[in-house]
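I opened the notebook today to look up how the strands are arranged and how the aromatic rings pair. The entries follow the order in which I went through the model.

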Amino acid sequence: MGERGEVFSTKLVRNDRTYFFNVKENIYGDLFLNIVESRPTDTEGRYLRQSVIVYQEDMGEFIKEFQKSIDYIKMHGTRKPSENLTRRKYLKENQEDSEE
């Protein structure tokens with residue numbers, strides 16, 4: 001078992017966000033998934049971390065509902081990938097517009 005109960009970990013880095021997919025084991029030997037989003041704050045060297053824990057017994061239903069959400073986005077998404085803005089850039093542009 002790895003650090004903090006991790007038995008497997010992978011990550012995805014996209015723009016200013018990093019997503020961690022950590023499979024962990026509790027003290028009873030049960031496995032669970034810990035999904036973490038990490039992104040920089042406005043303070044140098046500081047990060048905001050948010051996480052979701054999905055327990056093994058909920059995994060099937062979680063994946064089913066997650067897939068429904070993905071399917072909805074695929075069917076109703078309007079922007080092309082090249083038009084995507086990073087959240088920070090979007091907020092900055094909209095903040096400047098509201099100040100005018």
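Entry 1, the sheet. In this predicted model I find an open sheet of four strands in the order S1-S2-S3-S4, with antiparallel pairing. I note that strand S1 (6-14) and strand S4 (47-55) stand at the edges, and because each has a single partner strand, one side of each is left without a neighbour in the sheet. Direction ignored, I read an average turn of 15 degrees between neighbouring strands of this sheet.

Entry 2, the pairing of S3 with S4. Strand S3, residues 31-40, and S4 pair in the antiparallel sense over nine bridges, and when I looked up leucine 33, I found its bridge partner in S4 to be valine 54.

Entry 3, the aromatic pairs. I count two aromatic pairs. In one of them, the ring centres of phenylalanine 32 and tyrosine 55 are 6.0 Å apart and the planes stand at 45 degrees, so I record the pair as tilted. This pair links distant parts of the chain, with phenylalanine 32 in strand S3 and tyrosine 55 in strand S4, 23 residues apart. Phenylalanine 32 is buried at a relative accessible area of 16%, whereas tyrosine 55, at 42%, counts as partly exposed.

Phenylalanine 62 and phenylalanine 66 form a stacked pair, 6.0 Å centre to centre with 10 degrees between the planes. I place both in helix H1 (residues 59-76), four residues apart, about one turn of the helix. Phenylalanine 62 is partly exposed, with a relative accessible area of 30%, and phenylalanine 66 likewise counts as partly exposed, at 48%.

Conventions: Residues are numbered from 1 along each chain as its sequence is written. This is a predicted model: local features need pLDDT of at least 70, side-chain atom pairs count only at pLDDT 80 or more; totals for chains, interfaces and linings use all residues. Side-chain values use heavy atoms; hydrogens and water are left out. Two strands pair if DSSP finds at least two bridges between them. Axes are lines fitted to C-alpha atoms, for helices over the stretch in contact, and angles run from 0 to 180 degrees between N-to-C directions. Rings of Phe, Tyr and Trp (its six-membered ring) pair if their centres lie within 6.5 Å; planes under 30 degrees apart count as stacked, over 60 as edge-to-face and the rest as tilted. Buried means under 20% relative accessible area, exposed over 50%, partly exposed in between (1.4 Å probe, protein chains only).
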